[in-house]
Each structure stands twice: as structure tokens, then as C-alpha cells.
Amino acid sequence: YLDSNRIFQNKLLGTSMLGLDDFVPLARLVTEYLVWVVRADSPHRSARRVLDLIKGDAAAVAFGVGSMPSNDYFNVLRPAMMTGADYRKIRVAAFRGNGLIAQLLGGHVPVISTTASEAMEQVKAGKLRLIATSAPSPQSGDLKGVPHWRGLGIDIDFGTNIGRCEMCLMDCLRRTKPTNSSRSIRSQGNKRESTLMRFDNR
């Protein structure tokens, strides 16, 4: 499993020598969309209201995301930019792992941006509400009735595509330091291997 945000950013951030040119996407299996989430008792009844607030004062509402930069992060900045908010002054805090949901439930951050699957357990428990999705059109299932950006008059949509890719293992491993992740993908005598990859549709 490979997070595409890291694949795009590795060389820029200096975290690894592996980059997009080391992987060949083969097929998309599923697309997961991003959502804005608030507590069930939140005064923020709609994403449009939140956008209006930060358009008037970019620091009026704080957002939580899983990491920066990431799709979670872009799902805050892009709608804000397109509604005229000063994205450079928006308050965004990153919380790793399950900490993001915990921060929202604890009332430490009023709005979070994350994938739908991360929030769905607490949404179904009645503790959280979805107020927007990055899907390109109205959705069924768990996202039924959740406003999408285009439906709110904001001409954007994007998601995280999970699929198959092929990686040239031996060449890549020669160019990076051994880590738990690199050891886990090392093959015995195989120079190429298919693996799951999460790549963005941006």
C-alpha cells in the first residue's frame, strides 16, 4: 500500500528518493471521496455557512486534517480559494491517525476534512455529521443526501483512487535506505511486482 501524496512529494520534502516515475499505475479499483465533518451538535449546519464565515474572516473557523499537504488539506483550501477566502490565513491543524476523529469528538477543532470511511462509524453512531463531500455528483449509500461541492456552486471535485500499480523494486531499493516499509516490499529474486497503490485524481 502506497500513499500517492508521498509519492508526489517525496523528492520535494526529502523523505525518500522514490517518486512518481518509479511506479506505473495499472488499474483503478475504487475511488474514495473526501468529506467535511462536524459534531452532531455543531452550530455549523452547512458547508456553505462555514465558507461564508471564512470568506469574511479566514481565521473564523479552524479545520483539522490528517496531514499536510494531503487531500484532506486540499479539500479545505480549494473550496475556500474558489469562494474568495484568503487561504493563506486559514487555520489548519494536522492530527495523525485516529487522533483526527478524537479531536473533533472532544470539541478541540470544529470542522475536519477526511475520507468518508474514516468518519462513517461515528456518523452512524449519531455523534458526527457530514456537511460536504468532494464527489462530482450526488451519491448513494453512506453519502446519500450529503451536499457535493458542485451542488454548492463550487466547480471542483476530486477523490483518492485506490488501485494497482507496478514497481521496479530492485532499482528503487538500491536508491533508498532500508526501512520497515522497504523491507516489506523486498522480493526474492523478482525485479518487478504489482502492489496496491493509492493515487490521487487531482
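These exercises, each with a worked solution, deal with a predicted model of one protein chain.

**Exercise 1. The overall count**

How many helices and strands does the chain have, and what percentage of its residues is buried?

Step 1. Start with the secondary structure. The chain has 7 helices and 8 strands.

Step 2. Turn to burial. Of the 202 residues, 45% are buried.

Step 3. Look at the contacts. Take those with a separation of 6 or more. In 73% of them, the residues are 24 or more positions apart.

**Exercise 2. Strand 2 and its partners**

Which strands pair with strand 2, and in which sense?

Step 1. Take strand 5. It pairs with strand 2 in the antiparallel sense, over 4 bridges. Leu34 shows one position in this pairing: its bridge partner in strand 5 is Thr115.

Step 2. Take strand 6. Strand 2 and strand 6 also run antiparallel, joined by 5 bridges. Here Val38 stands opposite Arg129 of strand 6.

**Exercise 3. A charged residue inside**

Find Arg129 in strand 6. Which side chain of opposite charge is nearest, and how far away is it?

Step 1. Check burial. Arg129 is buried.

Step 2. Search for an opposite charge. The nearest such side chain is Asp41, 7.0 Å away.

Step 3. Apply the cut-off. A salt bridge needs the nitrogen and the carboxyl oxygen within 4 Å. Arg129 has no salt bridge.

Step 4. Look for another partner. The Arg129 side chain reaches the backbone oxygen of Ser42 at 3.1 Å.

Step 5. List the surroundings. Leaving out residues up to four places away in sequence, Arg129 touches Trp36, Val37, Val38, Arg39, Ala40, Ser42, His44 and Arg45.

**Exercise 4. The nonpolar cores**

How many residues are in the largest nonpolar core, and which of them have the most contacts inside it?

Step 1. Count. The largest core has 24 residues.

Step 2. Pick out the best-connected members. Trp36, Ile54, Phe63, Val76, Ile90 and Trp149 have the most contacts inside this core.

Step 3. Trace where the core comes from. At least two residues each come from strand 2, helix 2, strand 3, helix 3 and strand 6. Helix 2 gives the largest share, 4 residues.

Step 4. Look elsewhere. Another core, of 15 residues, lies apart from this one. Its members include Leu104, Val109, Ile112 and Ala119.

Step 5. Recall the general rule. In soluble globular proteins, nonpolar side chains tend to be buried together.

**Exercise 5. Helix 5**

Which residues of helix 5 are buried, and what covers them?

Step 1. Go through residues 116-124. The buried ones are Ala116, Ala119, Met120 and Gln122.

Step 2. Recall helix geometry. An α-helix has 3.6 residues a turn, so residues three or four places apart point the same way.

Step 3. Find the cover. It includes strand 2, helix 4, strand 5 and strand 6.

Step 4. Move past the end. Gly126 follows helix 5, and its phi is positive, near 85°.

**Exercise 6. Salt bridges**

How many salt bridges are there? Are the partners in the pair Lys124 and Asp142 exposed or partly exposed?

Step 1. Count. There are 6 salt bridges.

Step 2. Examine the pair. The side chains of Lys124 and Asp142 meet at 3.5 Å, N to O. Lys124 is in helix 5, while Asp142 is in the loop between strand 6 and strand 7, so this salt bridge ties together parts 18 residues apart in sequence.

Step 3. Judge exposure. Lys124 has 61% relative accessibility, so it counts as exposed. Asp142 has 45%, so it counts as partly exposed.

Step 4. Try another pair. Arg150 and Asp155 form a salt bridge at 1.9 Å, N to O. Arg150 is partly exposed at 35%, and Asp155 is exposed at 53%.

Step 5. Look for a network. Salt bridges with shared partners join Asp86, Arg88 and Lys89. Within this group, Lys89 and Asp86 meet at 4.0 Å, N to O.

**Exercise 7. A glycine in a loop**

Where is Gly66, and which residues does it contact?

Step 1. Locate Gly66. It is in the loop between strand 3 and helix 3.

Step 2. List contacts. Beyond its neighbours within four places in sequence, Gly66 contacts Asp72, Ala94, Phe95, Arg96, Leu100 and Ser113.

Step 3. Compare sequence with space. Gly66 and Ile101 are 35 residues apart in sequence. Their C-alpha atoms are 9.3 Å apart.

Methods. Residues numbered from 1 in each chain as written. Predicted model: local features only at pLDDT ≥ 70, side-chain atom pairs only at ≥ 80, totals over all residues. Heavy atoms only, no water. Buried < 20%, exposed > 50% of the residue type's maximum accessible area, 1.4 Å probe, protein only. Contact = heavy atoms within 4.5 Å. Lys, Arg positive; Asp, Glu negative; His and termini not counted. Polar contact = N/O pair within 3.5 Å; in protein donor to acceptor, adjacent residues only side chain to side chain. Core = buried A, V, L, I, M, F, W, Y, C linked by side-chain atoms within 4.5 Å. Pairing = 2+ DSSP bridges.
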